[in-house]
Amino acid sequence: MRILVTGGAGFIGSHLVDGFLREGHSVEVIDNLSSGNRDNLPTGVPLNQMDIQSDECGKVFERFRPEVLCHHAAQLDVFKSMADPMFDANVNIVASLRLFEQCRKHGTQRILFASSAAIYGAQTAYPAPETHPDRPVSPYGVAKLTVEHYLRFYQLQYGLQPTCLRYANVYGPRQSTVGEAGVVAIFAKLLRSGKAPTIFGNGEQTRDFVYVGDIVAANLAALNTKLIGTYNVSTGMETTVNDLYALMAQSFGSSLKAVHGPERAGEMPRSSLDSSKLAQESSWRPQTRLADGVQRTCDFFKAAGSSQATSG
């Protein structure tokens, strides 16, 4: 199939591009490179360098005629969304609607949408199933939930076939260390440089860390099984930030102790998602143990650091 990946030069998006190519699909990318990197893309994959808010996106749809939109471009910074909710809404809601209108106009039937655990807000059940109340506490979470509702509208009104994948905390190679970077990438960058990271709060807050390879497998399962609806993508297991850091420090052979800073306002004390619905309706299961995924990620950052030192 012809698949258009927004945010395809970014962390998750570029891994998805790799996965779609392995399956024999034809892929093009839209990315403004605000956080993505052209080097993440395999040679020969067309990169349309533009913002998803641009009218130029329509020309890509008109020329490429994608059968699938894999929508991963977004404003990702939860704290930026709280400081500037208007900007967040323009990127995450309005720009998404512009893309869905292009789907409607140009016959793109399937949409894979990167949603988020942020939709659930403060959980009352662990791990949270898709039936858990939606109570987002940030504009970012509100935007993700709003786009899900719009996709249901496009499904009912125009027959589009959306799959909303609510990701837990994704980590892996190529993850950005700037902006709203994942904690794994931040720890890896600092450990590589011999610097102690700061853990906000006491470090006993938990997250459900899911490896990017399992995210790719979930998207492929949703595409191949023609799943329609909303699905969590997670491991269902909670890991404290302290335990995560200990695992990463061991991988780097570091004895550095993390520095503890003040708690960040609005940060959830616990988070984990139940992905059994996706497992029941497809062949997908999370395959990567945290220790293995962390090791692969640390190896990536070690190699990246070595490459930078050699080139410098």
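I call a residue buried when its relative accessible area is under 20%. The model in front of us is predicted, and I keep that in mind throughout these entries.

**Entry: helix H5**

With that cut-off I went through H5 and listed its buried residues: Tyr140, Gly141, Ala143, Lys144, Leu145, Val147, Glu148, Leu151 and Tyr154. Next I looked up what they touch. They pack against two helices, H3 (78–83) and H4 (85–106), and against the strands S5 (110–116), S6 (161–167) and S11 (229–233).

I also checked the length. H5 covers residues 139–158, and its 20 residues at 1.5 Å each should span 28 Å; the end C-alpha atoms are 27 Å apart, so the two values agree. Just after the helix comes Gly159, with a positive phi near 80 degrees.

Then I turned to the surface. Tyr150, Phe153 and Tyr158 make up a nonpolar patch there, and together they have about 280 Å² of accessible area. Tyr150 belongs to H5. I count Tyr150 as partly exposed because its relative accessibility is 34%.

**Entry: the sheet**

I traced the strand order next. Seven strands make an open sheet, S3-S2-S1-S4-S5-S6-S11, with parallel pairing. At the edges I found S3 (47–48) and S11, each pairing on one side only.

How is S6 joined to S11? Five bridges link the two strands, and they run parallel. Within S11, Asn232 stands opposite Arg166. I noted the cover of S11 too: four of its five residues are buried, which leaves the strand mostly covered.

I looked at one more pair, S1 (residues 2–6) with S4 (residues 68–71). Four bridges hold this pair in the parallel sense. Leu4 has Leu69 of S4 as its bridge partner. A reminder to myself: strands of a sheet pair through backbone hydrogen bonds, either parallel or antiparallel.

**Entry: helix H1**

Is H1 enclosed or open to the outside? I found 10 of its 12 residues buried, so H1 is largely enclosed by the rest of the structure. The buried residues are Phe11, Ile12, Gly13, Ser14, His15, Leu16, Val17, Asp18, Gly19 and Phe20.

The length check works here as well. For the 12 residues of H1 (residues 11–22), 1.5 Å a residue gives an expected 16 Å, and the end C-alpha atoms are 17 Å apart, which agrees. Gly24 follows H1, and its phi is positive, near 90 degrees.

**Entry: backbone oddities**

I kept the backbone for last. Most residues other than glycine have a negative phi, and most peptide bonds are trans. That made the next three items worth a friendly second look.

Which residues are joined by a cis peptide bond? I found one between Tyr126 and Pro127, with omega about -10 degrees. Pro127 sits in the loop between S5 and H5.

Leu33 is not a glycine, yet its phi is positive, near 60 degrees. I located Leu33 in the loop between S2 (26–30) and S3. With 23% relative accessibility, Leu33 counts as partly exposed.

Arg65 also has a positive phi, near 50 degrees, in a residue other than glycine. Its place is the loop between H2 (56–64) and S4. I put Arg65 down as partly exposed because its relative accessible area is 37%.

How values were computed
Residues numbered from 1 in each chain as written. Predicted model: local features only at pLDDT ≥ 70, side-chain atom pairs only at ≥ 80, totals over all residues. Heavy atoms only, no water. Expected span 1.5 Å × (residues − 1). Buried < 20%, exposed > 50% of the residue type's maximum accessible area, 1.4 Å probe, protein only. Contact = heavy atoms within 4.5 Å. Patch = residues over 30% accessible without salt bridge, like charges linked within 9 Å, V, L, I, M, F, W, Y side chains within 5 Å. Areas by Shrake-Rupley, 256 points an atom, 1.4 Å probe, with all protein chains shown as cover. Salt bridge = Lys/Arg side-chain N within 4 Å of Asp/Glu carboxyl O. Pairing = 2+ DSSP bridges.
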